[in-house]
Amino acid sequence: MKNRTQTLQLIKENPNPTVLIIGAGINGIGTFRDLALQGIDCMIIDRTDFCSGVSMASSHMLHGGIRYLENGEFRLVREALHERNNLLRNAPHLTYPLPTTIPLFKWFSGMLNSPLKFLRLLDRPAERGVLIIKLGLILYDAFVRGDSPMPEHSFDNRKKTLQKWPALNPKVLFAATYYDGAMESPERLALDILKDGEAEGDHARAVNYVSAVGSEGNAVILRDEITGDKFSVIPEIVINAGGPWIDFINENLSKKTSFIGGTKGSHLVIDHPELRKAINDHEIFFEYIDGRIVLIFPYLNNYVMIGTTDIRIDNPDQAICTEEEIEYILGMVPQIFPSLSVTSDQIIFQFSGVRPLPPAKGSTGQISRDHSIEVQEKTSQSPWPILNLVGGKWTSYRAFSEQVTDEVIKRLKRSRKASTANMPIGGGKDFPTTDDQQENWTNNIVSRTEIPQKRIQQLFNRYGTRAEEIALHLSEGTDTSLTHNSEYSREEISYLVEDEMITHLDDFLIRRSKLAWTNQISLDSIVELAGIIGEKLEWTDEVQQGEIDRTLLILRERHAVKI
């Protein structure tokens with residue numbers, strides 16, 4: 001990946017991209033890669049960091065959405081299930097199958113409500129019983145039979161359920177288990193997709209911390225959020241992939257729209273060994289007392305993620321996890337595991353994001369998670385069409401991006417050159433799948449670089465097969481472990497600053513690593529990292545201290561990190 005200075009220079013030298021994508025969340029990034037593969041001149045910008053908005057704030061699941069079946073959204077579920085399977089195959093370094101268990105406490109509940117919801121005659125949530133869940137899972141499996149790398153669903157009776165999950169509420173009748181997928185780091189996965197797009201050539205440019213602040217004639221006015229400099233580009237087509245900020249971006253471009261009626265979802269990451277043991281490496285998916293579907297999720301080996309809320313919100317910049325949401329989320333645990341309690345002292349990280357859903361009345365849980373392209377055609381006052389990407393979910397980003405790319409191709413009167421359906425992503429390319437293959441791969445890199453096997457394995461676990469290029473870089477000099485986060489080295493971080501466009505200190509702590517998410521930072525470690533990143537980016541002492549202060553504020557106020 002080119003560094004930020006080089007990319008900005010390329011953009012200014014070629015200010016006439018065929019396609020300008022505003023918003024570098026997963027829908028924008030997926031579209032960027034697909035357009036780049038077709039050889040279309042494109043650029044993508046984001047006013048903050050890549051994958052720093054709602055795409056970062058996902059539930060980390062790759063799923064079809066079993067609950068959407070009772071809304072009659074069969075196409076959405078079928079598409080998402082196939083896309084889930086594609087991601088598990090194409091990005092094995094950052095995704096994995098996740099056994100998901102639904103504890104069931106009633107036999108027939110939902111037999112009346114579900115048909116009424118299907119017919120749009122009811123939007124009130126209601127508990128689903130054994131028979132409704134059984135029917136839903138039969139459909140869930142049938143949609144991808146022959147295409148799924150995972151087993152079909154199973155049911156355990158009460159006795160077997162309590163043997164597997166002794167801490168589970170003893171009122172349980174059955175436990176239904178099926179498989180979905182999970183991703184360790186949405187941010188790193190999105191970055192790999194972005195890098196794949198940029199690797200197609202200079203016709204594909206990606207830059208963070210650049211915002212679209214206005215228009216003038218046939219030009220879009222951009223602002224570098226780091227320097228404050230303004231410059232213009234003249235696209236043929238604009239893609240507004242701003243997620244919950246879509247209407248705000250259009251307003252900047254002198255367009256008044258009301259495409260978004262987003263809802264806020266918050267999650268907590270908990271350090272609670274007893275709860276982690278109680279869920280037994282399964283996601284526990286259940287209905288809370290208010291009828292909302294919620295989850296308790298095994299996260300990064302030792303931790304637990306709990307979520308989520310679903311609250312209407314007008315301004316996505318104001319999306320933070322409130323005390324009321326914390327109380328609501330913590331209250332989920334005793335309903336399913338009555339002998340366990342979770343307190344706010346056990347929260348090590350929290351996050352919120354706004355789903356870019358269309359405006360809708362009624363229950364927020366019933367708003368469709370499907371995606372659509374809302375087109376504003378060009379006029380005498382607006383010289384380029386704007387394709388607004390509304391809705392969608394992480395799992396089906398590739399299918400949505402493909403639909404957007406096909407629309408662009410049609411408008412440009414071109415033809416598709418390549419499909420992304422079976423294309424490996426980033427460090428998932430040539431990924432060794434068995435233990436023997438991984439050992440051979442690691443030994444090969446060890447022999448070529450003379451870096452210890454333990455370190456190569458560490459890089460492989462973090463970057464997949466991209467570890468090869470990083471290891472080769474490290475072998476050219478030293479590899480000095482950090483004092484406070486010894487699993488990283490100074491040279492590795494310097495490489496990431498250059499190759500992954502790290503611009504602020506929190507870019508690394510929150511989005512290029514999971515250090516902030518997993519209680520692995522202190523004031524001393526932040527200062528050490530600021531020194532390394534600051535040296536690479538030539539920060540003055542004043543700027544470096546400003547970055548430390550800014551990062552501490554973000555970590556404490558937005559993410560409840562205790563430092």
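What share of the contacts in the protein chain with a separation of 6 or more comes from residues 24 or more positions apart? The answer is 72%. The legends below describe a predicted model.

**View 1. The whole protein chain of the predicted model.** The chain holds 19 helices and 19 strands. Its radius of gyration is 24 Å, close to the 24 Å that the globule rule gives for 563 residues, so the chain is as compact as a globular protein of that length. Along the principal axes, the C-alpha atoms fill a box of roughly 65 × 60 × 45 Å. Buried residues account for 60% of the 563. About 22700 Å² is exposed, and carbon and sulfur atoms supply 50% of that area. There are 61 positive and 76 negative side chains. The centres of these two sets lie 7 Å apart.

**View 2. The hairpin of β9 and β10.** Strand β9 spans residues 219-224 and runs antiparallel to β10. Four bridges join the two strands. One pairing sets Ile 221 against its bridge partner Ser 232 in β10. Five residues lie between the strands. Gly 228 in this hairpin takes a positive phi near 85°. Strand β10 covers residues 230-233, and its side chains alternate. Phe 231 and Val 233 point to one face and are buried. Lys 230 and Ser 232 point to the other face and are not buried. Ser 232 is thus seen twice here: on that second face, and as the bridge partner of Ile 221.

**View 3. His 282 and its contacts.** His 282 sits in the loop between α9 (273-279) and β13 (283-287). Its relative accessibility is 14%, so His 282 counts as buried, the cut-off being under 20%. Leaving aside residues up to four places away in sequence, His 282 touches Pro 99, Thr 101, Trp 165, Thr 177, Ile 296 and Pro 298.

**View 4. Ile 554 in helix α19.** This helix spans residues 541-559. Ile 554 has a relative accessibility of 18%; the cut-off is under 20%, so the residue counts as buried. With residues up to four places away in sequence left out, Ile 554 touches Asp 506, Ile 510 and His 559. Asp 506 is 48 residues from Ile 554 along the chain. The C-alpha atoms of this pair are separated by 8.1 Å.

**View 5. A cis peptide bond at Gly 307 to Thr 308.** Most peptide bonds are trans. The bond from Gly 307 to Thr 308 is cis, with omega near 0°. Thr 308 belongs to the loop between β15 (303-307) and β16 (311-312).

**View 6. Positive phi at His 60.** Most residues other than glycine have a negative phi. His 60 is not a glycine, yet its phi is positive, at about 65°. The residue is found in the loop between β2 (42-45) and β3 (61-62). Is His 60 buried or exposed? His 60 is buried, with a relative accessible area of 0%.

**View 7. Positive phi at Tyr 209.** Here phi is near 55°, again a positive value in a residue other than glycine. Tyr 209 lies in the loop between β7 (204-207) and β8 (210-216). Its relative accessibility of 5% is why Tyr 209 counts as buried.

Technical notes. Residues numbered from 1 in each chain as written. Predicted model: local features only at pLDDT ≥ 70, side-chain atom pairs only at ≥ 80, totals over all residues. Heavy atoms only, no water. Rg over C-alpha atoms; globule rule 2.2 N^0.38 Å. Buried < 20%, exposed > 50% of the residue type's maximum accessible area, 1.4 Å probe, protein only. Contact = heavy atoms within 4.5 Å. Areas by Shrake-Rupley, 256 points an atom, 1.4 Å probe, with all protein chains shown as cover. Lys, Arg positive; Asp, Glu negative; His and termini not counted. Charge placed at Lys NZ, Arg CZ, Asp CG, Glu CD. Pairing = 2+ DSSP bridges.
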